[in-house]
Every structure is written in structure tokens, then in C-alpha cells.
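Colleague: I have a structure open and want to learn how to read it. Can we take the features one at a time?

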Amino acid sequence: MKKIYIRKDYCLGCGLCEIYCATFHSRYPDSIVKAYKLSASKPVSRLVVEKMGDDACSVMCRHCREPMCLYSCIAGAVYRTGEGAVVVDEDRCVGCGTCVLACPYGLIKKEKVKEGGKFLALKCDLCGGKSELPQCVANCPNEALVWREEEEACAM
Amino acid sequence: MGISWQVPEFVVERDYARCINCGVCVSQCANEVHYFDEDWQKVMHRDIRCVNCHRCIVFCPTGAIQIKKNSTSFTFNANWDELAIKNIYRQAETGGVLLTGMGNSRPYPVYWDKMLLNASQVTNPSIDPLREPIETKTFLGRKPVDWRENLPPQLELEMPVMFSAMSFGSISLTAHKSLAWAAHELGIFWNTGEGGLHQELERFADRTIVQVASGRFGVGPELLKKAAAVEIKIGQGAKPGIGGHLPGEKVLKEVAATRMIPLGSDAISPAPHHDIYSIEDLKQLVFAIKEATDYEKPVAVKVAAVHNIAAIASGIARAGADIIVIDGFRGGTGAAPLVIRDNVGIPIEFALAAVDQRLREEGIRNEVSIVAAGSIRNSADVVKAIALGADAVYIGTAALIALGCHMCQKCYTGKCNWGIATQEPKLVKRLNPHIGSQKLINLLNAWKHEIKEMLGGMGMNSLESLRGNRLMLRGIGLTQDELRILGIKAAGD
């Protein structure tokens, strides 16, 4: 399957991936200004930019072959799509946070996205196939994120 | 000393209706213009630090930022203009030589823009480059008159453009990688500048011209043998008569290893070569290099365009150089005294025409190839340079602009936000060589198409037909003297 791969040497830590990710998963996927100015709560990015000194690295769900989140989910909300992405069914999710604890990479967030709504497990869904490239890849200014088949990426 | 009289040169205008306080501008500005204010809980800015490099504008995801020239003006005075007054404030405050980067920015005439190209109409057919092949291949090196003589070493270029000398130290390793890669892909050459060839780039050595300059940094017999050609640098257009100084803080591990100097030591290139005080001395170095490379590599000599350039070039040709590089007064630099950059040297157009003419008159034009440098901005400049007598051109500034340079002229600060003129690791990685090399390849492929269009329009199917063909040029708005020196007729004549 195609996955997002990170080239740490080129990551600037600018955080544009977070902004485009958060916007795409907000109520206003087409407008960053609306997503940030009109949403009741701050839009949540599904990925995290880790920084240490001069190094930076944008990290998101690895869509593991052995997904601990999927195995641990008490509600059966985490499932694998036909394309191989590991995603959360938000209707089924009960916001218990078990997957957050189970993820060895710490790449699942537990947040309330709607005012007064329930807690949800939020994670990368590879933009659900709704755009040609995942938003973070499409908008990375330095091609630090690439969209590749697993085999190609191993040869990188 | 009291309060500083310097006011911001640029002002940042942030549209808070669009700003989402994401902090991208904060992370991208190495000059620390943008910052997040904890009390106001929003991103704010300090105008005085802004150098107008446009990094924040390009990166702002909501288009909230504009940078404008500070509209505060001095009382009008055609003599004491703003720059003259501000430079006095700066020097009165610091007591130092004013530094700058890139090429001469003063409004001197640009003679490329005062020359027009010919095209075929009725009496000879123009050629459509999409239907017929047009040859842009170029060979640099000495061409013997007698065909029975063995051909001396030549550089074979797919198009008459090369990347000019910019050292590792003045620019980043990622910039060097981009240039080397692009030169390799394009079938042209790039130049290491004075500072040696980084070991990671040795695989591109066959596309590399290495430079021997007054500091001899990074030079050794292995390097000379590996390279495609060797260039002796006497001077550069931005600062004729001035040496170089790479400050110790830029001499990090990689730079130190490549230059073969101690970590953190200042790399000072003297103004002259202390073993070259005459043409005869130059001849010794040229032949020392030829000996060291078994007479297998062409040797180039680079000089700045100065007043007596024709005689100097004649001497260089007679000293045994295979290629003469002439760098006009608009050539760029990583750092130069402002007063030198803006006031010393002559335009490349005149220097090129004068040298080509002189070498022809002396019957030694075939002994050397001429490479013109110093602000070749587009394919039309290339074609005009060829028609004036150049065999090829060097581009430096144009290549850096393709890599993202926004011409803020602050290269000497080492804080290049585009990852070009810097050695800071977090800035260097901003230039991804995969992207950089592709941009260079695109630029030169575009120029190649345009060069073919212009040649075809003139009814020529080969660059050779245009070389030194000044009948293809006409001057516009030039004086008799300027026309005479350029060796061209006035438009309509």
C-alpha cells in the first residue's frame, strides 16, 4: 500500500503539514482562515511535528501491519480500509483512550472536536482517499513528506 | 552613542483578519522579525530586522503577510538620495566598511537592453526549431589553425551556459549539490569556486570546473586531476582587486575539511596571487597546472572586467590559457564592500566586445575561448553575448534565483532564509537538492528552447553561425562611441 514517508533531512519544522491537516479534517476543509477563525474549537491536526534542536520531523500514523490500536479498541471502532489504512469509525468510537495508550508511536490524540460532543480518537486517515495526495504531502514545501509504495520507500 | 538613527527599511503588514497565529512565519524567519507575543496572544513583528527576503510571504498559508518599502521619506534631494544619507548614518554608527551581497544594484545602464536582435524576413528563411534541429552544442578550449595538429583538451557543453564559481562556504552544500546535479543532467559544467569539492560531490567531478584562487583553498593534485577543467581566478566582477574573507563562524566541519583548513579559522584569500605579478608569472601557474594534469584539462583564467581588459585578455591568451572568463561589474558575490561593488569595474558588454575584437585583430582569437559572466539574466542576454563574441556564458545570480534567492542582498550575514548563502544546519536543509536541481534544469531547458527560437528566427540552425556575428545586433539609444566599442550598428542602419 502507499504510505506517507518522512525525509527528516529536509523537514524544516515549519508546521504547514499540521495546518493543512487540521483544516482538511475541520468543518471547513477548503478554507484555512474559516477553519481557524469560525470553528468553535481550534482545529486538530492528526499529525505531530517533533522538534529537537535543528532537527524536525513530521510524524503521523504508520498504518502498522500489526496495528495495536485496532487490536486494543474496545468498541470495534478501529478498522482497516480496503486500501490498507487504519482508521477510526467516529460513530462507534466511545472515546475511552485505550488506543491512545496502545499506540507505540503516540500518534493518536483524544480530543473533543465538537462543542459538547464526546471525546474521539483522532488519527491520520491518509485523508480518506478524498484528495489525490494526503494534504500534508501535497503541501509540504520542501518535499520532506513523500507518498510512496512501501517497497519503493524501502529502497529510498 | 545615543539612539540609533536607523529606521526600518521595510515594514511588515499583517492582515489580522487572515492571520491564524500558526507561527509558520516565526519558524521561518532567521532574522527573528516575527514572534509570538504571550501577552497579546498573537504573532507580531519587528520591522527593523526585516530584510525583505519574502520567506514569510511565500510560506504564510493564508496570505496574511505583505512586506512594503517603508514609505517614510527624506525631504526630496536629487543629490542626497535616501541611500546616501542612510549609509552615512550606518557608518557614523559603526565606523566600518559597509558590506553587501549580490551584484551592483545602482542604476547604471544595462547595455543588453540597448541591443536588439535581428530576424529573417523574405530574403532568407527563418527556421522553426520544432521542425528542424538546431545545434546548441559548444566546445570550449584552444582550437588549432592547422587541422593536422591534435585537438587540445576541450569542454563539451550541450548549451552555451555554465554555473559560475560560488564556493562551498559562501553557499551551502545543498546549493552545491543542486548545481552539480543539474550540470550533470544538463550536460554543462558547474564551478566549485575557491573552496574545493566536497567529497560527496566527487561523483560529479567530470562535470566540475575547480578553481585555483589566491588562497589556494581546497586545491591539491588529486582535485586537479579529477576535475573537468581548472580555473585560475584572478578577480571577480563584484569586487575587482579585492580578496575574499570567509569568516570563521562559517568554517564548520564540512567546510573546513573541504577547504583543508582548521575548524573555525577565517579563510582569507589575498587580493592578488602573491606568485603572480605579471603575465609571465601567470604563464608559470598555467603551465604548472597543465603539467599537474598531464595537459589533459583545459585551463581557464578568470578576470574582472576592468579598464584595460583587452590588453589583459591578450596577455592571458599568450600566457597559455585555454579559456578566458571575463566577469562584468554586475557580477554577484557573497560579500563585498558596498563602495567597491557599486563603483569598480566596467560592463561585461563592453569588455566582451573589446576583448573579442582585440584577439581577432591580433590573430589569436582561436587560441582561447571566451566566457562572459556578470549578470546574464535571460536567454536573450545569452544570445546577445554570443553575438558579441562569447563562446559561452556563466550564470551565478540567475542560478541562485532559480534555487529560491529573492535578492535581498544580505548574503554576507550568513542568515539566508532560503538555505543558499548560509552554513547554519537548520537553514541549509531548507534547500532540498532534489527540488533545487530540478528548478535549475527547468530554467536552462527553457532558455535552450528560447535560444533555439531566437536562432531559428535569424535563419540559423547552429550557434556557431551566430558566434561573433555582430551584424545580428543593432544598438538603440547608444552614443557613437558606445556603438564603436560594441562594434555594432545603430538600429535602422
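Colleague: Start with charge. How many salt bridges cross the interface of chain B and chain A?

Modeller: A salt bridge is a side-chain nitrogen of Lys or Arg within 4 Å of a carboxyl oxygen of Asp or Glu. By that rule, zero cross the interface of chain B and chain A. Some ground rules next. This is a predicted model, where local features need pLDDT of at least 70 and side-chain atom pairs count only at pLDDT 80 or more, while totals for chains, interfaces and linings use all residues. Residues are numbered from 1 along each chain as its sequence is written, chains are lettered from A and ligands numbered from 1 in the order in which they are written, and side-chain values use heavy atoms, with hydrogens and water left out.

Colleague: How many residue pairs are in polar contact across that interface?

Modeller: A polar contact is a pair of N or O atoms within 3.5 Å. Within protein, one atom must be able to donate a hydrogen and the other to accept it, and residues adjacent in sequence count only if both atoms are side-chain atoms. Six residue pairs across the interface of chain B and chain A pass, both residues at pLDDT 80 or more.

Colleague: Which elements of chain B supply that side?

Modeller: Helices here are DSSP runs of H or I, at least four residues; strands are runs of E, at least two; both are numbered from the N terminus. Helix 1 (24-28), helix 2 (55-59), helix 13 (425-428) and helix 14 (433-457) of chain B each give two or more residues to the side that touches chain A. That side divides into twelve nonpolar, five polar and five charged residues. For the classes, Ala, Val, Leu, Ile, Met, Phe, Trp, Tyr, Cys and Pro count as nonpolar, Asp, Glu, Lys and Arg as charged, and the others, Gly among them, as polar.

Colleague: What area is buried between chain B and chain A?

Modeller: The size of an interface is often given as the accessible area lost when the parts come together. Here the loss is computed with a 1.4 Å probe and summed over both parts. Between chain B and chain A it is about 1700 Å², and carbon and sulfur atoms give 61% of that. In chain B, I20(B), F59(B) and K429(B) lose the most area to chain A, together 33% of what that side buries. Counted by contact (heavy atoms within 4.5 Å), 22 residues from chain B and 22 residues from chain A take part.

Colleague: Back to salt bridges. How many does the structure hold over all chains?

Modeller: There are 32 over all chains. Take R49(B) and E32(B), which meet at 3.1 Å, N to O. R49(B) sits in the loop between strand 3 (42-45) and helix 2 of chain B, and E32(B) in the loop between helix 1 and strand 2 (34-37), 17 residues apart.

Colleague: Are those two residues buried or exposed?

Modeller: Buried means under 20% relative accessible area, exposed over 50%, partly exposed in between (1.4 Å probe, protein chains only). R49(B), at 37%, is partly exposed. E32(B), at 46%, is partly exposed as well.

Colleague: What does a pair within one helix look like?

Modeller: An α-helix has 3.6 residues a turn, so residues three or four places apart point the same way. R484(B) and D481(B) both lie in helix 15 (residues 480-486) of chain B, three residues apart, about one turn. Their side chains meet in a salt bridge at 3.3 Å, N to O. R484(B) is exposed at 58%; D481(B) is partly exposed at 47%.

Colleague: Which residues do shared partners join into one network?

Modeller: D356(B), R360(B), R365(B), D391(B), E464(B), R467(B) and R470(B).

Colleague: Now the whole of chain B. How many helices and strands are there?

Modeller: Chain B has 15 helices and 21 strands. Its radius of gyration, taken over C-alpha atoms, is compared with a globule rule: 2.2 Å times the number of residues to the power 0.38. Chain B comes to 24 Å, close to the 23 Å that the rule gives for 493 residues, so it is as compact as a globular protein of that length. Buried residues make up 54% of the chain.

Colleague: Show me one buried residue. What does S314(B) touch?

Modeller: S314(B) lies in helix 8 (residues 309-318) of chain B. Its relative accessible area is 5%, so it is buried. Leaving out residues up to four places away in sequence, S314(B) touches L359(B), E362(B) and I364(B).

Notes. Buried area = accessible area lost by both parts, 1.4 Å probe.
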